[in-house]
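Dear colleague,

Please find below the structure that I am handing over to you. My findings follow directly after it.

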Amino acid sequence: MTIEEIWDKSLSIIEEKVGSNLFELWFRPIKPLQIKEQQVTLEVPNRFFKEWIEDYYPILVNEVLEKLLGHPVTLKYKISEKEAPDIKRMEAKLENRKTRLASRGIYLNPKYTFENFVSGPSNQFAQAAAKAVSDSPGKVYNPLFVYGGVGLGKTHLISAIGNNVIDSKHDYNVLYVSSEQFTNEVVSAIRHGKTEELKKRYRNVDLLLIDDIQFVENKVQTQEELFYTINTLYEKQRQIVISSDRPPKEIKSVTDRLRSRFSMGLIADIQAPEFETRVAIIHKKAAMERISLKEEVVNFIASKIKTNIRELEGGLIRLGAQAALTGSPIDVSMAKNVLKDFIQDDEKPITVEHILKTVCEYFGLKMQDIKARKRTKEVALPRQIAMYLSKQLTGGSLSDIGKNMGGKDHATVIYACKQVEDKKSKDENFNRMIETLLHKIKP
Ligand code: ADP
Ligand code: MG
């Protein structure tokens, strides 16, 4: 028998054992190369095939071949030369970067690069600023301050600056810390009388990346150290990059002079991605994870997971795992099922009752109080807030909302909305409270 004939026979046995879905996905693309004494060499399209087969079917192929050939077999997988050259190049670069990061003790995720960052209207400005900074550190925007909500790519983007600098400027001293870690280092340096070491470590870098700066709120000594670190680096024209979940003016408990340092360079925000950007991100992540998705599934995921790219990614990986384990192709109903924990239940409309209940809980009031005619201050404001939220969230008419609030007319609702909007624009704390309520009602 030739190697081709042997492999043909093996394939049909394997198909029987693993089922046709998995077979088509992982085994059909394998090509037989050579049989030499006891060694059989097979060619796989890329190293993921080798890893996948070794993980899920570590002995299957051996067993099948041994049975057909009647003698022990050692199996060798050769990775096809044809593996997409750009993927190969990226992987080589990644390995290279990993080694360099490790040898210099830099805690950056090597995968967080500009190449892997999908840009769209929601993040274009921040991305362009980050690129400019990484091309000429210390020269353009210093500090660069990037802010945005959870899971929208802040850590990815500021890490990309670091990785790009590591790739292109080999002598650059790069330091990445979260502000929590920085705080711990300051505390420990003070306790052990090692503040000189700390200063030396932080004030001599070429690029300092500080993630999630909001955690320095209320930490006086850390803020002090940070202030001088930023000053020193700035004077030496060394680059500082800061990320935060909110803009400098909303970071409350920091000294004014520190806040003004945050705002001294360029402030760039990242918004939640639009539908098209979400689609592009799903395509990119799916390609990187070798998960094949039909367009309708991509659209389904993009329409359901809207506000957090980390969740988008998590959902995708779960889907990929489910498909690999069950051997079924990914379709919309599988996606619906696997992603149900992630999906915001926006089919279920939000009711005025639900809003009232949430607002009452928040303010410690009883439903009947808020619906009654009482005009005391403790009730009046929560009632106005409930009306405002109902108008924002329920899509009901003004008079319906009024009725549900215990028989108020539509002019009362308009007045309430206006009051709340006024207050929101003037009072940052009030604004944040409304955001909190919005989030409670519509997580
Ligand atoms: P944040 O720090 O803002 O909470 P991260 O930077 O940790 O968010 O991003 C969460 C996940 O989403 C990461 O795995 C990241 O790679 C991914 N991600 C975020 N934005 C993008 C983007 N624009 N393109 C590709 N991946 C993204
Ligand atoms: Mg982060």
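The C-alpha centres of domain 2 (124–270) and domain 3 (275–338) are 34 Å apart in this predicted model. These two belong to a division of the chain that also includes domain 1 (3–82) and domain 4 (352–441). Domain 2 and domain 3 also share in the surroundings of ligand 1, for each of them gives at least three residues to the shell around this ligand.

**Ligand 1**

The shell around ligand 1 has 18 residues, of which Val118, Gly151, Thr155, His156 and Glu313 come nearest. By character, the residues of the shell are seven nonpolar, seven polar and four charged.

Three contacts to ligand 1 may be of use to you when you examine the site. A nitrogen atom of the ligand lies 2.7 Å from a backbone N or O atom of Val118. A nitrogen atom of the ligand is also 3.0 Å from an N or O atom in the side chain of Lys285. For an oxygen atom of the ligand, the partner is a polar side-chain atom of Arg310, at a distance of 2.8 Å. Ligand 1 taken alone exposes 560 Å², and 95% of that is buried by the protein. Two or more residues of the shell come from each of the elements α7 (154–168), α12 (275–288) and α14 (309–326).

Helix α14 also holds Ile317. With a relative accessibility of 41%, Ile317 counts as partly exposed. Its C-alpha atom is 8.3 Å from that of Ile291, although 26 residues separate Ile317 and Ile291 in sequence.

**Salt bridges**

The structure contains 17 salt bridges. Two of the pairs described here lie within a helix, and one connects two loops.

In the first of these pairs, the side chains of Lys98 and Glu95 meet with an N to O distance of 3.5 Å. Why can these two residues face one another along the chain? Lys98 and Glu95 are three residues apart in helix α5 (residues 85–103), so about one helical turn separates them. Lys98 is partly exposed at 38% relative accessibility, and Glu95 is likewise partly exposed, with a relative accessible area of 43%.

A further salt bridge joins the side chains of Asp206 and Arg238, at 3.8 Å from N to O. This pair links distant parts of the chain, with the two positions 32 residues apart: Asp206 is in the loop between α9 (195–203) and β6 (207–211), and Arg238 is in the loop between α10 (220–235) and β7 (239–244). Is Asp206 buried or exposed? At 18% relative accessibility, Asp206 counts as buried, because the limit for that class is under 20%.

Lys418 and Asp422 form another salt bridge, in which the closest N and O atoms are 3.8 Å apart. Both residues belong to helix α20 (residues 410–426), where they are four residues apart, about one turn of the helix. Lys418 is partly exposed at 49% relative accessibility, and Asp422 is partly exposed at 31%. Elsewhere, Glu217, Asp245 and Arg246 are joined into one network by salt bridges that share partners.

**A polar contact of helix α10**

Glu225 lies in helix α10. The relative accessible area of Glu225 is 10%, so the residue counts as buried. Its side chain is joined to that of Arg203 by a polar contact of 2.9 Å.

**Backbone geometry**

Three points of backbone geometry may interest you if you prepare the model for calculation.

- The peptide bond from Asn142 to Pro143 is cis, and its omega is near -10 degrees. Pro143 is placed in the loop between α6 (124–135) and β4 (144–148).
- Gln237, which is not a glycine, has a positive phi of about 60 degrees. Gln237 is part of the loop between α10 and β7.
- Arg290, also a residue other than glycine, has a positive phi near 55 degrees. Arg290 is in the loop between α12 and α13 (295–304), and it is partly exposed, with a relative accessible area of 26%.

With kind regards

Conventions: Residues numbered from 1 in each chain as written. Chains lettered and ligands numbered in written order. Predicted model: local features only at pLDDT ≥ 70, side-chain atom pairs only at ≥ 80, totals over all residues. Heavy atoms only, no water. Near = heavy atom within 4 Å. Polar contact = N/O pair within 3.5 Å; in protein donor to acceptor, adjacent residues only side chain to side chain. Areas by Shrake-Rupley, 256 points an atom, 1.4 Å probe, with all protein chains shown as cover. Nonpolar A, V, L, I, M, F, W, Y, C, P; charged D, E, K, R; others polar. Domains from an automatic or database assignment. Salt bridge = Lys/Arg side-chain N within 4 Å of Asp/Glu carboxyl O. Buried < 20%, exposed > 50% of the residue type's maximum accessible area, 1.4 Å probe, protein only.
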